[in-house]
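Let's take a walk through this structure together, one stop at a time. Keep the sequence and the 3D view open as you read.

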Amino acid sequence: MSVQSEMATLHYGDGKEAKLPILVGSEGERAVDIATLRRDTGYVTIDEGYVNTGSCKSAITYLDGEKGILRYRGYPIEELAAKSRFVEVAYLLMYGELPTPKQLNAFSGLLNNSSLIHEDMKQFFGGFPNHTHPMAILTTMVASLSAFYPVPDELKDEEESQIIANLVSQVRTIAAFSYKMSIGEPMIYPSYRLRFVENFLNMMFSSPVQDYQQDPDIVKAIDTFLILHADHEQNCSTSAVRITGSSQANVYAVISAGISALWGRLHGGANQGAISMLDEIQSSGDDGRVFIENTKNKKARLMGFGHRVYKTFDPRAKIMKELCHKLLAKPGMHDPMFDIAMRLEEAALSDEYFLSRNLYPNVDFYSGLILKAANIPFNMFTVLFAIGRTPGWLAHWREMRHSPDARIARPRQIYVGPPMRTYLPMDKRGANRQSERSKSGRLIARPDPAVIQADPTVVRPKRFTDSIRAERLVPMPPAEDGSGPHIA
Ligand code: CMC
């Protein structure tokens, strides 16, 4: 990174001016450094959804969304997917270089030795109700690891390496155990005889009465899936990891935060969303045209399409599609959903709505088809994403821990609530509440529409959008005539 002699000039207020340095990244990306902005001018910036905001400097992943480029530590994703294994890529992300045979051997050995979880943790799995989403189990169990593997405040290098190995390896073990628990089968332990992906598939699909037959094409497909998901610079879950880690919370809590952020259907949950969508199209007999119209009318989203940073093809989607072609061409593996997906892609990419908004397939458009072909159960799709992303999250956590610039994340806001007002005693509250306005005429105490429901106590989810609101489960305020529930 270099600091340019060129400065950006901000004109503000009544003819005032501030000079702001320009930073240039190693691939020529330019940024206005606003570190001194508030101190020098009293202004902050606002950027909802962080569309223009760089949150850190990082040497892990480079992404050019206009050109469809993705590189880990300088290596093109296409080459890593074709030539490396996931464990090598995990090492690369973490430590900056592709491992030598000796380093890879040592890292693989550490992963193997760290793959068991404490026996006492096994009983936790039984405490979850049937049909618990495995992402809920994963996030809880990963946070619980801190109780069994306490993290010292000051980490030595070997302790850090051990924690990294624990998480990369144990997330996979927890994922497989949660699946076994959900189908009422005994948990299958990891084996030192198997490589990372084979081990996972064996823990998922073998049982005391039946061995699992590994298919090298499935193993390669899952390995590639994990590589393609291993890092993606400052996405929602990685930012959650960095923000949580910036408080110096223990690393298990930090990764658990990443898993929680990943779960949402606009992020890692989109791989489930894409398959649900294809399923819906298939069972309705639609050839995709009705669905496309619905997305244009904002009645639905084309899941697996669009991206905050890619304004052309997501390079990972191209590799996934290629993989689908290979895998689903095998005898007995054809999946009509792949045909639907390709028709949808073709229809969308010749439609003005998608073209004008630069909406192209992202990694999740085809990834679910790969997982489906490998018999991964539908509600485990996002868990597979989490297994793949764990090395990336850890690499960012590690980079931040060792960075001299790291500070606790604490953004500013623009307050838009009521200005200071007089406290209202209980007997004066409620009158004209909905129409209360500030001096400027702005509505200042508008009740949340989500709480205006027939149900007396809580708002219950009905649709996806409702479920976002209902996370707040707001108790109903007492009715103005005094009837209804009372808040003590
Ligand atoms: N289908 C239909 N319209 C879309 C879609 C879509 N998938 N994505 C964006 N749009 C429209 C959106 O309605 C808006 O239209 P308008 O200009 O008329 O208001 C415009 O495109 C810009 O969309 P946005 O929501 O402002 O874009 P964003 O950058 O905030 O959101 C996104 C990015 C990925 C959340 C969004 O494209 C999306 O919801 N895609 C579907 C979910 C998905 O596939 N997520 C996986 C992302 S890749 C895996 C990962 O790394 O998480």
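**Two unusual turns, then the rings and the ligand**

Start at Arg 73, which is partly exposed, with a relative accessible area of 21%. That figure is not under 20%, so Arg 73 doesn't count as buried. You'll find Arg 73 in the loop that runs between strand E5 (69–72) and strand E6 (75–76). What makes Arg 73 worth a stop is its backbone: phi is positive, about 50°, even though the residue is not a glycine. For background, most residues other than glycine have a negative phi. Keep in mind as you look that this is a predicted model.

Now jump along the chain to Asn 358, another residue other than glycine with a positive phi, this time near 55°. Asn 358 also belongs to a loop, the one between helix H16 (352–356) and helix H17 (363–373). With a relative accessibility of 30%, Asn 358 counts as partly exposed.

A positive phi turns up at a glycine too: Gly 96, which follows helix H3, has a phi near 95°. Helix H3 itself is mostly covered, with 9 of its 10 residues buried. Among those buried residues are Phe 86, Val 87, Glu 88 and Tyr 91.

Tyr 91 is a good way into the next topic, the aromatic rings. How many aromatic pairs does the structure hold? There are 17 of them. One is formed by Tyr 91 and Phe 107, which meet edge-to-face, with 5.5 Å from centre to centre and 75° between the ring planes. Tyr 91 sits in helix H3 (residues 86–95) while Phe 107 sits in helix H4 (residues 101–113), so this pair ties together parts that are 16 residues apart in sequence. Are these two rings buried or exposed? Tyr 91 has a relative accessibility of 12%, so it counts as buried. Phe 107 is at 5% and therefore counts as buried as well.

Another edge-to-face pair is made by Tyr 353 and Phe 354, with 4.9 Å between the ring centres and 70° between the planes. Both Tyr 353 and Phe 354 are buried. These two rings also belong to one aromatic cluster, along with Phe 305, Phe 338, Phe 365 and Tyr 366. Elsewhere, a ring has a charged partner: Arg 172 lies over the face of Phe 196, at 4.2 Å from the ring centre.

Phe 354 also leads us to Thr 295. The two are 59 residues apart along the chain, and their C-alpha atoms are separated by 9.8 Å. Thr 295 is part of helix H13 (residues 289–296), and with a relative accessible area of just 3%, Thr 295 is buried. You can make a similar check with Tyr 12 and Thr 41: they are 29 residues apart in sequence, and 8.4 Å apart in space from C-alpha to C-alpha. Tyr 12 belongs to strand E1 (residues 2–12), and at 11% relative accessibility Tyr 12 counts as buried.

Let's finish at the ligand. Which residues come nearest to the ligand? Of the 18 residues around it, they are His 267, Lys 298, Arg 301, Leu 302 and Arg 308. By type, the shell divides into 8 nonpolar, 5 polar and 5 charged residues.

Now zoom in on some individual contacts. An N or O atom in the side chain of Lys 298 is 2.8 Å from an oxygen atom of the ligand. Leu 302 takes part through its backbone, where a polar atom is 2.7 Å from a nitrogen atom of the ligand. Phe 305, which you've already met as one of the rings in the aromatic cluster, has a backbone N or O atom 2.9 Å from a nitrogen atom of the ligand. And how much of the ligand does the protein bury? Taken alone, the ligand exposes 940 Å², and the protein buries 75% of that.

How values were computed:
Residues are numbered from 1 along each chain as its sequence is written. This is a predicted model: local features need pLDDT of at least 70, side-chain atom pairs count only at pLDDT 80 or more; totals for chains, interfaces and linings use all residues. Side-chain values use heavy atoms; hydrogens and water are left out. A residue is near a molecule or strand if one of its heavy atoms lies within 4 Å of it. A polar contact is a pair of N or O atoms within 3.5 Å; within protein, one must be able to donate a hydrogen and the other to accept it, and residues adjacent in sequence count only if both atoms are side-chain atoms. Accessible areas come from the Shrake-Rupley method with a 1.4 Å probe; for residues, only the protein chains shown count as cover. Ala, Val, Leu, Ile, Met, Phe, Trp, Tyr, Cys and Pro count as nonpolar, Asp, Glu, Lys and Arg as charged, and the others, Gly among them, as polar. Helices (H or I, at least four residues) and strands (E, at least two) are DSSP runs, numbered from the N terminus. Buried means under 20% relative accessible area, exposed over 50%, partly exposed in between (1.4 Å probe, protein chains only). Rings of Phe, Tyr and Trp (its six-membered ring) pair if their centres lie within 6.5 Å; planes under 30 degrees apart count as stacked, over 60 as edge-to-face and the rest as tilted. A charge sits over a ring if NZ of Lys or CZ of Arg is within 6 Å of the ring centre and within 35 degrees of the ring normal.
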